[in-house]
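User: Could you take a close look at the empty spaces in this model for me, and then show me how the packing around them is built? I'd like one connected walk-through rather than a list.

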Amino acid sequence: LFKVSKPQYTHATNSYGSCTPWIEDGRIWIHFGTYGTACVDTKTGKKLWERTDIECHHWRGPGSSPVIFGDNIFLTFDGFDKQFIMALNKDTGKTAWMKKRDVDYKTDNGDAKKAYSTPRVITAGGKAMLVSPFAMATIAYAPKNGDMIWKVVHGGMNAAARPLFGNGLVYVNAGGGNSSMIAIKPEGQGLLSESDIEWKLGRLTPKRPSQILLGERIFMLNDTGIASCLNALTGEVIWSARVEGSYWSSPIYGDGHIYGLSQEGKVVVFKAADKFELVAENELGDGFIASPSVAENSLILRSKSHVYRIVK
């Protein structure tokens, strides 16, 4: 898609292709951060449009994935030198809006301003909101024009997990301190206060793997291999248990089970229930950092060196 003569440095644990593409019938949008974004016809491979003019110093490489809602594709650029979010028309690539992050980072260290999170569009109180966590804060934007609906200043360096939404709450990885995970009531406007925070969790929260929300339960598998189940209404820890390995890829849910893929190549399967039960442990490949994907009855796994398709 693009040729980059002098790419920026990317950390060994990242890659130039870490951002997950967005696919719809006949179209795929592929994003490489500052290196470029393109819309491609999935049947012919023809590039329909591209943007290579959006500049950002990623420092350790890009990681935020594109999201589409309505006519727009939303791109997140929380870099070392500048931090902003923008919307492009998904059919033409033309800029619809761009918003700089409206927050005091309380530091001049660009590394502390870096972020990797992917936003999520929700509907709360009859309003569509683009909920975007980043270093220091989370902002909900109006998808149509980028106007801020609300903002929560929670501190911490942003973790990579996507926000979750359910039970009338938005669940966000704040990325540090005593509020590593917070549950936000999203009906407010402007700068939200402590009364708009339903609960906080300062331990067990993963920095990189996303959580799974199933009804009134949140299931997590953190970076160091601690699996846990939370009461999504109160933040109470129902159980926690250690499984073997370290984890950066996000777990997935299917048929009553949670599947986790470790950096060492171990695949663990445990029940999505109020009591921990390890169902299976498998060895596969040379380790996983990328999160799995599901296509009908196939599980697509990308290890450090191979791509696997496993069929039920």
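Analyst: Here's a tour of the enclosed space, the second largest pocket, a pair of hairpins and the nonpolar cores. Keep in mind that this is a predicted model.

Let's start with the enclosed space. Searching the whole structure for cavities of 30 Å³ or more turns up one. This largest cavity holds about 50 Å³ of space. Around it sit His31, Gly33, His58, Pro62, Gly63, Ser64, Thr76, Phe77, Asp78, Lys114 and Ala115. Strand S6, residues 72-78, gives the largest share of that lining, with three residues. Sort the lining by class and you get six polar, three nonpolar and two charged residues.

Now for the open space. The second largest pocket comes in at about 450 Å³. Its lining counts 19 residues, and Tyr259, Asn297, Leu299, Ile310 and Lys312 are the closest to the pocket's centre. Several strands contribute here: S22 (252-254), S24 (266-271), S25 (278-283), S27 (298-302) and S28 (307-311) each put at least two residues into the lining. As for its make-up, 11 of the lining residues are nonpolar, while four are polar and four are charged.

Next, a hairpin with a tryptophan worth following. Strands S3 (residues 37-41) and S4 (residues 47-51) run antiparallel and pair over four bridges. Five residues lie between them in the hairpin, and in the turn Gly45 has a positive phi of about 80 degrees. Across the pair, Cys39 has Trp49 of S4 as its bridge partner.

So is Trp49 buried or exposed? It counts as buried, because its relative accessibility is 7% and the cut-off for buried is under 20%. Setting aside residues up to four places away in sequence, Trp49 touches Thr37, Ala38 and Cys39, and also Trp29, Ile73, Leu88, Asn89, Lys90, Asp91, Thr92 and Gly93. Thr37 is 12 residues from Trp49 along the chain, with 8.4 Å between their C-alpha atoms.

Further along there's another hairpin to set beside that one. Strand S20 (residues 226-231) and strand S21 (residues 237-242) are antiparallel, joined by five bridges. Ile226 stands opposite Arg242 of S21. Five residues separate the strands in this hairpin, and Gly235 has a positive phi near 85 degrees.

That leaves the nonpolar packing. In soluble globular proteins, nonpolar side chains tend to be buried together. Here, the largest nonpolar core has 15 residues, and Met129, Val131, Trp150, Val152 and Ile184 have the most contacts inside it. At least two residues of this core come from each of S9 (120-124), S10 (127-133), S12 (148-153), S14 (169-173) and S15 (181-184). S12 supplies the largest share of this core, three residues.

Val152 is a good place to zoom in. Leaving out neighbours within four places in sequence, Val152 is in contact with Met136, Ala137, Thr138, Ile182, Ile184, Leu192 and Ile197. Apart from the largest core lies another one of 14 residues, with Val103, Leu130, Phe134 and Ala137 among them. Notice Ala137: it belongs to that other core, yet it is also on the contact list of Val152.

Note on methods
Residues are numbered from 1 along each chain as its sequence is written. This is a predicted model: local features need pLDDT of at least 70, side-chain atom pairs count only at pLDDT 80 or more; totals for chains, interfaces and linings use all residues. Side-chain values use heavy atoms; hydrogens and water are left out. On a 1 Å grid over the protein atoms alone, a cavity is a set of points where a 1.4 Å probe fits but cannot get out, and a pocket is an open set with protein on both sides within 12 Å along at least five of seven lines; lining residues have an atom within 4 Å of a point. Grid points are joined across faces, edges and corners, and a volume is the space filled by probe spheres set on the points. Ala, Val, Leu, Ile, Met, Phe, Trp, Tyr, Cys and Pro count as nonpolar, Asp, Glu, Lys and Arg as charged, and the others, Gly among them, as polar. Two strands pair if DSSP finds at least two bridges between them. A nonpolar core is a set of buried Ala, Val, Leu, Ile, Met, Phe, Trp, Tyr and Cys residues joined through side-chain atoms within 4.5 Å. Buried means under 20% relative accessible area, exposed over 50%, partly exposed in between (1.4 Å probe, protein chains only). Contact means heavy atoms within 4.5 Å.
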